[in-house]
Amino acid sequence: MPFEALTTARLRLEPWSDDHTELLVRLAASPQVTRYIGDGVPWPESRASALAAQLRQDWQRQGFGWRAAIEIENGDQVGLAALTYAGAGAGVAADEYEIGWWLDPAAWGRGLAREGAAAVRDEAFARLKAPSVLARIQPTNGASLAVAAAIGLTHETESVGRAGERIAILRLTADRWREIVAGEG
C-alpha cells in the first residue's frame, strides 16, 4: 500500500523509504543534531541504518511514521518530521502519539522545523484521530521548545528518557488543536 507524502509551503514530507537512510546516517552523525537526543552522543552508521530499516517497517505495520523533509524548491533532504508511538522506555505510555523533528544545521533558523512539525501534528489529528500528541524535549533545547510552543504544545510534566536524560513532556489535545485550526481559518 503506497503512503502519501505531506506537502507544506516549502516541504515535501515523504514516508520513510530506502532513499532516506543516508539522510538519517548524516543527521545522526552530527554532534549539533544529536546533542539533545538521548545521551547526546552522535550515532555510528550501523545504529542509524538499523533505525532506518525499522522506520520502513513501522510504516508497513502502523501506516504512519517518520517522514523525510525535502525542500520543494531545490530537492534537498533537510531533515525529518516524525509521528509515531512513543514506545517502551520513553518516559510516557508506550502507545502515546509522539511527534518530533530533526533538521540539518544548514537549514536551521528558517522555520522549516515548525512547518514540518505542524504538518505531522495535523496528520495525527485529522487522519489518525489521535486524542493528543506529545513531544519529549530536553529542557535545555530552547529551539525545539520554541517549535513545540509555536504549534500549540504546552508543558505538561517532566520525565526521564531512555538514556536517563531529563525530558519535558509537552502535549496538545485534539480539542485544543481544533481551536487552533479554527483560529487559523
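**Entry 1: Glu 165**

I began with Glu 165, which I found in the loop between strand E7 (154-160) and strand E8 (166-173). I am working from a predicted model throughout, and I keep that in mind for every value noted here. Is Glu 165 buried or exposed? At 14% relative accessibility it counts as buried, because the cut-off for buried is under 20%.

I then looked up what surrounds this residue. Leaving aside neighbours within four places in sequence, I found Glu 165 in contact with Gly 38, Gln 138, Ser 159 and Val 160. The side chain of Glu 165 also reaches the backbone nitrogen of Ala 163, at 2.9 Å. I checked one C-alpha separation as well: Glu 165 and Ile 137 are 9.8 Å apart in space, with their positions 28 residues apart in sequence.

**Entry 2: Glu 96**

I turned next to another glutamate, Glu 96, whose place is in the loop between E4 and E5. Its relative accessibility is 18%, and therefore Glu 96 counts as buried. Which side chain does the side chain of Glu 96 join in a polar contact? I found that of Arg 171, at 2.9 Å. When residues up to four places away in sequence are not counted, Glu 96 touches Thr 84, Tyr 85, Ala 86, Ser 132, Leu 134 and Arg 171, so that Arg 171 appears in my notes both as a contact and as the polar partner.

**Entry 3: aromatic pairs**

I went through the rings, for which a pair is described by the distance of the centres and the angle of the planes. How many aromatic pairs are there? The count comes to 8. I looked at Trp 43 and Trp 102, which form an edge-to-face pair with 5.5 Å from centre to centre and 80 degrees between the planes. This pair links distant parts of the chain, since Trp 43 sits in the loop between helix H2 (31-34) and helix H3 (45-62), whereas Trp 102 belongs to strand E5 (residues 97-103), 59 residues apart. I noted that both Trp 43 and Trp 102 are buried.

I also looked up Phe 64 and Tyr 97, a tilted pair at 5.7 Å centre to centre, with 35 degrees between the planes. Phe 64 lies in the loop between H3 and strand E3 (66-71) and Tyr 97 in strand E5, so this pair ties together parts that are 33 residues apart in sequence. Phe 64 has 2% relative accessibility and counts as buried, and Tyr 97, at 14%, counts as buried too.

Which residues do ring pairs link into a cluster? I found Trp 16, Trp 43, Trp 66 and Trp 102 there. For Trp 43 I added a further entry, namely that Arg 47 lies over the face of its ring, at 3.8 Å from the ring centre.

**Entry 4: helix H1**

I then examined helix H1 (residues 21-28), which is mostly covered, with 6 of its 8 residues buried. I listed the buried ones as Thr 21, Leu 23, Leu 24, Val 25, Leu 27 and Ala 28. Against which elements do the buried residues of H1 pack? I recorded H2, H3, E3, strand E4 (77-85) and E5.

**Entry 5: Ala 143**

I looked up Ala 143, which is found in helix H5 (residues 142-150). At 57% relative accessibility Ala 143 counts as exposed, because the cut-off for exposed is over 50%. The C-alpha atoms of Ala 143 and Gly 109 are separated by 9.1 Å, although the two residues are 34 apart along the chain.

**Entry 6: the chain as a whole**

I closed with the overall values. The chain has 6 helices and 8 strands, and from the N terminus on I read the order of its elements as β-β-α-α-α-β-β-β-α-β-α-β-β-α. For 185 residues a compact globule would have a radius of gyration near 16 Å, and the 15 Å of this chain agrees with that. Along the principal axes, the C-alpha trace spans about 40 × 35 × 35 Å.

I noted that 51% of the 185 residues count as buried, and that the chain exposes about 9,000 Å², of which carbon and sulfur atoms supply 52%. Among contacts between residues at least 6 apart in sequence, 61% join residues at least 24 apart.

Technical notes: Residues are numbered from 1 along each chain as its sequence is written. This is a predicted model: local features need pLDDT of at least 70, side-chain atom pairs count only at pLDDT 80 or more; totals for chains, interfaces and linings use all residues. Side-chain values use heavy atoms; hydrogens and water are left out. Rings of Phe, Tyr and Trp (its six-membered ring) pair if their centres lie within 6.5 Å; planes under 30 degrees apart count as stacked, over 60 as edge-to-face and the rest as tilted. Helices (H or I, at least four residues) and strands (E, at least two) are DSSP runs, numbered from the N terminus. Buried means under 20% relative accessible area, exposed over 50%, partly exposed in between (1.4 Å probe, protein chains only). A charge sits over a ring if NZ of Lys or CZ of Arg is within 6 Å of the ring centre and within 35 degrees of the ring normal. Contact means heavy atoms within 4.5 Å. The radius of gyration is taken over C-alpha atoms; the globule rule is 2.2 Å times the number of residues to the power 0.38. Accessible areas come from the Shrake-Rupley method with a 1.4 Å probe; for residues, only the protein chains shown count as cover. A polar contact is a pair of N or O atoms within 3.5 Å; within protein, one must be able to donate a hydrogen and the other to accept it, and residues adjacent in sequence count only if both atoms are side-chain atoms.
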